[in-house]
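Reader: I am new to reading protein models, and I would like to work through this one with you by asking questions.

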Amino acid sequence: MAGGKCDSDNNQDSSDDCVEENCIFCKIANRDDPSTEILAEDEDIVCFQDIDPGAPHHYLVIPKKHVHSCLSLQADDINLVKKMADMGRDVLKAKNVTNLEDISLGFHVPPYITVPHLHLHVLAPFSQLFKWSRCKYTAIWYLSEEMLLKKLMENKKENNGHVTIACCHV
């Protein structure tokens, strides 16, 4: 899993023991934010509603362990990304979203992140994105779950570590 230093100077990666003290998503994952309702949870990840939804259904799936962003992921994090996507789809089904072809699962690419903790956006129906949010979830700084998995699998074959993102390929 993504690992490394966990301090204020270099929080791109995290160690397995690390919880960023000021990270709101770490607080939510540890159930230290009473205002956030957890919709789904397992030993590694949690799902909750986005506070600034961009679609009628907008949820976030986050790892309990602090990981800075999708750029911090390595090839051995493929199962984490798949697990996050599966939980997102399960929450949509639980919320009676029936057209799973009209959804978007994706990550923002730094520096276009508002919270420096890995989070998967789960949006549905994608065809009903709110007008103000369309550019946030369709632009080059939004990396779909499928594209991230493809890049991680390529890195696994090449055995070269972290995800590299070229804006023109996102």
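**The largest cavity**

Author: In this predicted model, the largest cavity holds about 50 Å³ of space.

Reader: How many cavities of 30 Å³ or more does a search of the whole structure find?

Author: The search covers the whole structure and counts cavities from 30 Å³ upwards, and the number it finds is 1.

Reader: How many charged residues are in the lining of the largest cavity?

Author: The residues that line this cavity are H68, S69, C70, F107, H108, I113, V115, H117, L118 and H119. Sorted by class, the lining has 5 nonpolar and 5 polar residues, and the number of charged residues is none.

**Helix α2**

Reader: How far apart are the end C-alpha atoms of helix α2, and what span should its 17 residues have?

Author: Helix α2 takes in residues 78–94, and at 1.5 Å a residue these 17 residues should span 24 Å. The expected value agrees with the model, because the end C-alpha atoms are also 24 Å apart.

Reader: Which elements are included in what covers the buried residues of α2?

Author: The residues to be covered are those of α2 that count as buried, namely I78, L80, V81, M84, A85, M87, G88, V91 and L92. Their cover includes the helix α3 (145–158) and the strands β1 (38–41), β2 (45–49), β3 (57–63), β4 (104–108) and β5 (120–124).

**The loop at T36**

Reader: Which residue has a side chain joined to that of T36 by a polar contact?

Author: T36 sits in the loop between α1 (24–29) and β1, and, leaving aside residues up to four places away in sequence, T36 touches I28 and F48. The side chain of T36 also makes a polar contact of 2.4 Å, and the partner is the side chain of D33.

Notes
Residues are numbered from 1 along each chain as its sequence is written. This is a predicted model: local features need pLDDT of at least 70, side-chain atom pairs count only at pLDDT 80 or more; totals for chains, interfaces and linings use all residues. Side-chain values use heavy atoms; hydrogens and water are left out. On a 1 Å grid over the protein atoms alone, a cavity is a set of points where a 1.4 Å probe fits but cannot get out, and a pocket is an open set with protein on both sides within 12 Å along at least five of seven lines; lining residues have an atom within 4 Å of a point. Grid points are joined across faces, edges and corners, and a volume is the space filled by probe spheres set on the points. Ala, Val, Leu, Ile, Met, Phe, Trp, Tyr, Cys and Pro count as nonpolar, Asp, Glu, Lys and Arg as charged, and the others, Gly among them, as polar. Helices (H or I, at least four residues) and strands (E, at least two) are DSSP runs, numbered from the N terminus. The expected span of a helix is 1.5 Å times one less than its number of residues. Buried means under 20% relative accessible area, exposed over 50%, partly exposed in between (1.4 Å probe, protein chains only). Contact means heavy atoms within 4.5 Å. A polar contact is a pair of N or O atoms within 3.5 Å; within protein, one must be able to donate a hydrogen and the other to accept it, and residues adjacent in sequence count only if both atoms are side-chain atoms.
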